[in-house]
There are 2 protein chains.
Amino acid sequence: MDIATLRATHTDHWQKAAAIRALAMDAVQAANSGHPGMPMGMADVATVLFENHLKFDASAPDWPDRDRFILSAGHGSMLIYALLHLTGYADVTLEQVKNFRQWGAITAGHPEYGHVKGVETTTGPLGQGISNAVGFAMAEESLRARFGAKVVDHYTWVIAGDGCLMEGISQEAIGLAGMQRLNRLIVLWDNNDISIDGRISLSDVTDQRKRFEAAGWKVLSCDGHDPADIDRALSAAKGSDRPVLVDCKTHIGYGSPKKQDSAAAHGSPLGDAEIAATKEIYGWPHGPFVIPADIKAQWEAIGRRGAAARAEWEARFAAQSTAKQAEFTRVMAGEPPKKLAPAIRALKKDLAEKAPKVATRKASEMALAAINPVMPETIGGSADLSGSNLTRTGDLDVFNADNRKGRYIHYGIREHGMAAAMNGLALHGGVRPYGGTFLCFTDYARGAMRLSALMGVPTVYVMTHDSIGLGEDGPTHQPVEHLAICRATPNTLTFRPADAVETAEAWEIALTEKARPSVLALSRQNLPVLRTAFTAKNLTAQGAYVLAEATGKRQAILMATGSEVEIAMAARAALEAEGIGTRVVSFPCMELFAAQDESYRKRVLPAGPVRVAIEAAVRQPWDRWLLGERGREAKADFVGMTGFGASAPAERLYAEFGITAEATVAKVKALL
Amino acid sequence: MDIATLRATHTDHWQKAAAIRALAMDAVQAANSGHPGMPMGMADVATVLFENHLKFDASAPDWPDRDRFILSAGHGSMLIYALLHLTGYADVTLEQVKNFRQWGAITAGHPEYGHVKGVETTTGPLGQGISNAVGFAMAEESLRARFGAKVVDHYTWVIAGDGCLMEGISQEAIGLAGMQRLNRLIVLWDNNDISIDGRISLSDVTDQRKRFEAAGWKVLSCDGHDPADIDRALSAAKGSDRPVLVDCKTHIGYGSPKKQDSAAAHGSPLGDAEIAATKEIYGWPHGPFVIPADIKAQWEAIGRRGAAARAEWEARFAAQSTAKQAEFTRVMAGEPPKKLAPAIRALKKDLAEKAPKVATRKASEMALAAINPVMPETIGGSADLSGSNLTRTGDLDVFNADNRKGRYIHYGIREHGMAAAMNGLALHGGVRPYGGTFLCFTDYARGAMRLSALMGVPTVYVMTHDSIGLGEDGPTHQPVEHLAICRATPNTLTFRPADAVETAEAWEIALTEKARPSVLALSRQNLPVLRTAFTAKNLTAQGAYVLAEATGKRQAILMATGSEVEIAMAARAALEAEGIGTRVVSFPCMELFAAQDESYRKRVLPAGPVRVAIEAAVRQPWDRWLLGERGREAKADFVGMTGFGASAPAERLYAEFGITAEATVAKVKALL
């Protein structure tokens with residue numbers, strides 16, 4: 001619909017949508033940075049969505065049964081800031097909008113989870129939001145199955161652009177959503193035919209409607225500038241038995257005389273003159289950031305539209321049993337159950353006694369077997385490696401369209417989609433997602449794993465086959481740099497437990513953590529229990545600790561993680577036999593050790609003795625501990641990998657790459 | 001087609017296909033590790049392909065005009081080893097097949113490029129091969145346009161499984177291939193309905209035929225166990241005007257009485273009893289690794305089938321002009337043109353004189369403007385950030401179906417697909433690919449970037465917006481861990497040039513390198529030229545070098561890269577003004593510095609003076625240089641990032657995060 005017709009036939013709508021457009025133009029101009037074209041293009045769709053469909057109450061942004069709105073095309077952040085400001089979200093003041101993209105403002109360049117209520121997930125890296133949304137929709141289904149439709153009954157709405165749809169992750173997401181028949185997931189496609197480089201046809205000829213249908217979606221369409229047509233499509237979307245794509249035909253930079261329908265509208269301020277010309281066309285005579293009171297009032301009424309529904313929900317919730325209320329409140333708050341700590345303690349006791357020689361991936365399964373029965377909010381899964389990752393315990397049924405009470409998701413061969421869906425599950429709240437693949441294939445999931453860290457959501461990555469120890473599958477499947485990658489990523493806990501006891505401890509930390517993702521790097525090969533003396537205390541929580549002390553004068557400190565702690569212990573035995581006092585430090589989590597106070601760190605790693613670290617991976621993260629945080633602390637060396645692995649049985653590889661007790665002993669002696 | 005019918009009606013075919021199947025079963029059993037089900041399922045398709053369609057000559061695996069055959073489902077590696085052995089590739093002896101997956105054998109667990117002639121690319125990580133194939137097909141088109149169909153005229157064949165098609169990267173690949181109308185790209189889909197976790201329906205309901213059609217592909221189908229039907233489909237595929245998917249309906253573990261059509265056939269040895277039972281059904285009475293001479297002879301005849309075509313090609317090639325022959329030979333060998341070095345030298349001279357204060361992304365464009373005209377084999381591109389990455393120089397037309405002489409590819413918003421396609425372009429040979437995105441989005445491309453390194457192909461990644469210096473787009477777009485990630489990856493050159501001169505030098509290295517990928521981390525913000533004295537020598541090739549020497553007694557050494565070298569120089573000026581002799585070491589490439597001899601490294605970083613490194617990123621890769629390779633070398637500190645960035649103008653971010661000359665001076669003084 002052209003602007004003249006739209007203005008003439010839908011005056012009220014037009015004014016409200018124009019307020020969004022004006023704020024977007026003004027804020028981007030003031031910041032001298034940002035993306036005006038998308039908010040200008042999608043303002044009509046967003047106005048209809050917020051006015052007639054989205055279930056929300058601006059005064060209660062944490063209402064658990066609100067619809068979730070996800071701006072997958074996160075560069076259009078001014079769209080959501082405008083909507084939140086106009087509808088009356090308390091945090092998003094006009095001052096914040098004026099400070100768009102400035103230091104200290106909550107109105108970040110791209111929408112950041114945790115900065116702004118109403119921003120359900122961090123978006124900007126394309127394709128993530130639509131993929132998170134699959135997790136949000138699965139969380140809704142799972143919680144509805146558990147707590148009933150009186151408590152959980154909402155939709156997940158997504159605005160996605162061509163960029164989101166071109167990213168491969170979106171295929172993983174729509175494939176998963178289609179298989180799961182997530183009929184409360186509705187994606188509004190901003191089909192404006194423009195990407196940064198120009199017309200979409202420069203790089204793509206995909207028939208998106210057909211593509212989504214092929215993945216099991218329902219496809220609707222509308223004129224993205226015709227409020228009645230948009231409303232018709234959104235109403236129809238809510239009645240689907242499958243996830244829905246609404247193809248919204250729009251114009252990027254709608255109304256800008258020089259920039260509409262061009263890439264020039266995408267990522268730069270329009271300029272004062274063009275803004276003036278556009279406002280003229282809009283019939284919007286107001287200065288920068290000026291919203292007439294009557295239009296603001298109309299928007300605020302929309303912001304209050306859900307108040308009655310929320311009150312009804314609260315009444316319904318209050319009518320639930322006390323136990324159900326408490327349980328729902330607990331899981332939505334991400335509080336671990338009281339039974340978790342005793343369950344872990346009992347397991348550790350049992351492990352210390354029986355000392356089973358198992359792979360840490362198997363130990364992880366044993367931990368989950370203790371955890372899942374007492375922690376009903378866990379939702380496990382694997383990217384088609386269930387039997388390798390050992391992520392499915394016997395009590396978990398499969399979660400699918402026929403069984404929403406299931407707690408195990410077959411994510412398919414979709415590592416990136418799995419990671420993003422897990423972020424969505426965690427962000428929705430009420431569930432605790434964990435999912436597995438091989439550690440090497442964190443490569444495929446990196447985009448979403450970084451966002452777990454940036455958002456501070458406690459997604460748990462169960463990454464098995466964590467070194468050359470996987471053997472014959474060879475270097476394509478053998479991680480060597482991936483521990484360094486995870487450790488280089490801020491706000492991420494990377495665990496590499498040495499035995500079944502540390503594995504149980506790592507799980508306990510991962511599942512009680514509220515603001516950081518955890519990576520559990522787990523062995524394929526069997527490892528002995530080294531912690532045969534039971535401790536109630538979670539030693540892994542210290543990050544590193546003295547596993548075995550030197551018997552004589554302490555001349556050497558060996559540090560190791562995971563499968564290499566066994567090697568360190570063997571090297572220690574050999575060194576001690578030669579009279580060289582040797583301490584072994586097990587180092588399951590560098591991040592947690594770095595967070596200990598300095599006196600503890602110095603006690604574990606005193607200056608003086610030579611240091612050798614052993615890890616079947618690259619050295620990069622070890623230099624800090626080897627060479628001393630302040631330098632000059634010790635002579636040091638490293639036993640590990642300097643390049644990629646090879647195809648052969650694991651024992652052969654360890655021998656050929658020199659990751660052995662003998663090599664460790666030799667390095668210690670060379671330093672003494 | 002069932003086995004009884006197949007055996008009865010296609011005796012010769014059956015015996016040849018049974019040889020593949022038997023070798024696969026036997027080798028996996030002997031290795032006690034591997035994937036028999038896929039080779040058993042696809043043996044009929046592969047036999048028809050090699051017997052009737054694939055243009056190859058086993059005696060000349062490097063023949064430039066051979067068809068390329070890519071086993072995207074790399075876990076089925078025994079399929080390709082069997083084919084190469086049977087058709088007579090000299091390297092792939094029966095001994096090698098018997099040593100499948102063992103130390104020192106070329107028959108690695110997954111097919112490794114460089115180990116085995118006939119393996120065109122390393123596969124195993126799913127979705128990579130099909131995505132490499134898009135690059136292979138584009139290279140063929142580009143070279144055909146340049147050198148003519150008499151010299152370049154071949155197909156790219158791919159075998160892909162459900163795993164490849166479920167990975168998101170495959171969507172990026174098929175979207176790109178569809179847009180490019182790569183009609184010589186033919187994908188044979190091993191449609192066996194099984195993945196590791198079980199039936200495909202556990203995780204996917206996608207109508208793959210419809211999905212490929214939506215991306216602009218032609219779709220054919222065949223009974224993957226009916227040789228005549230397979231032949232019909234492959235013949236039809238070669239006449240398409242679009243890329244082709246051939247839906248080959250197959251049975252995984254074909255013929256295994258207990259494991260056919262089940263996930264049990266996928267990734268484990270069948271077991272001696274099941275192998276015996278299967279061979280019984282096959283009518284294959286031969287022991288492990290025994291191939292009857294007549295069957296081997298038939299296969300070897302297939303291996304010689306292309307000899308005549310090759311001879312004709314050689315005659316045609318010899319009839320080309322001497323210049324054309326020399327040029328084709330040069331580009332296929334990956335030799336840089338003689339004009340490259342003088343072009344870079346002239347550019348460096350000009351830059352040293354004029355000292356333009358430009359962003360290193362702009363300096364990169366200036367380097368490319370010097371390089372592209374003298375290096376006609378470059379093929380540039382960007383993942384929809386052409387105007388930001390500055391990867392397109394004025395002389396490059398767009399490469400597409402209407403202009404195969406173009407040298408610039410609009411990859412679309414497909415970082416992973418771009419990286420994999422570039423690997424394919426580089427592996428095909430004859431072209432030198434480079435492509436851009438933001439450094440932060442190496443996250444999306446990691447899977448393919450790792451394979452560049454593992455294979456040792458000189459793909460060039462132009463990664464701009466390399467720090468918080470990108471400013472207002474905020475932490476989703478600001479890399480902090482990505483330099484550590486690239487540096488942790490073996491066999492990868494990570495450059496972060498400090499100015500326009502170092503940028504030109506980095507490009508020279510990247511484009512003359514034959515066996516390593518390069519990452520160029522480039523600034524968004526302007527930087528002064530620091531190397532105003534022209535040197536013919538490429539100082540960046542040393543990895544790190546003394547940019548400015550202490551004037552008095554050397555008390556401090558500052559190390560920095562990229563945009564932070566300017567800060568180091570300012571800090572040095574301030575320290576020198578206070579009488580603290582300070583050396584500045586520019587550190588554009590840690591890997592190249594690590595490869596210098598020890599005496600050079602010690603000259604650049606002598607023990608004694610305190611050390612401070614400055615980089616707007618995490619510290620992890622710096623500890624080695626800060627703390628001393630052998631420990632005890634110096635007191636040290638770091639100025640950089642400890643967490644994620646924020647949204648604000650760049651200058652503000654540098655100030656707020658304390659990455660300043662003042663902070664550097666303070667840290668030096670605190671150490672003295």
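**View 1. Just past the end of helix α15 of chain B in this predicted model.** Right after α15(B) comes Ala355(B), and its phi is positive, near 45 degrees.

**View 2. Helix α15(B), end to end.** This helix runs over residues 340-354 of chain B, which makes 15 residues. At 1.5 Å a residue they should span 21 Å, and the end C-alpha atoms are indeed 21 Å apart, so the two agree.

**View 3. The buried residues of α15(B).** Look here for Leu340(B), Ala343(B), Ile344(B), Leu347(B), Lys348(B), Leu351(B) and Ala352(B), which are buried. Around the helix axis they take up an arc of only 165 degrees, so they sit on the same side of α15(B). It helps to remember that an α-helix has 3.6 residues a turn, so residues three or four places apart point the same way. And what do the buried residues of α15(B) pack against? Their partners in chain B are α16 (360-371) and α21 (500-512).

**View 4. Where chain B meets chain A.** On chain B, 106 residues are in contact with 106 residues of chain A. Together the two chains bury about 8,400 Å² between them, with carbon and sulfur atoms giving 57% of that area.

**View 5. Salt bridges and polar contacts between chain B and chain A.** The interface holds 12 salt bridges. Zoom in on Lys210(B), which forms a salt bridge with Glu213(A); their closest N and O atoms are 3.4 Å apart. There are also 48 residue pairs in polar contact between the two chains. On the side of chain B that touches chain A, helix α19 (residues 442-455) gives the most, with eight residues.

Note on methods: Residues numbered from 1 in each chain as written. Chains lettered and ligands numbered in written order. Predicted model: local features only at pLDDT ≥ 70, side-chain atom pairs only at ≥ 80, totals over all residues. Heavy atoms only, no water. Helix = DSSP H or I, 4+ residues; strand = E, 2+ residues; numbered from the N terminus. Expected span 1.5 Å × (residues − 1). Buried < 20%, exposed > 50% of the residue type's maximum accessible area, 1.4 Å probe, protein only. Arc of directions from axis to C-beta. Contact = heavy atoms within 4.5 Å. Buried area = accessible area lost by both parts, 1.4 Å probe. Salt bridge = Lys/Arg side-chain N within 4 Å of Asp/Glu carboxyl O. Polar contact = N/O pair within 3.5 Å; in protein donor to acceptor, adjacent residues only side chain to side chain.
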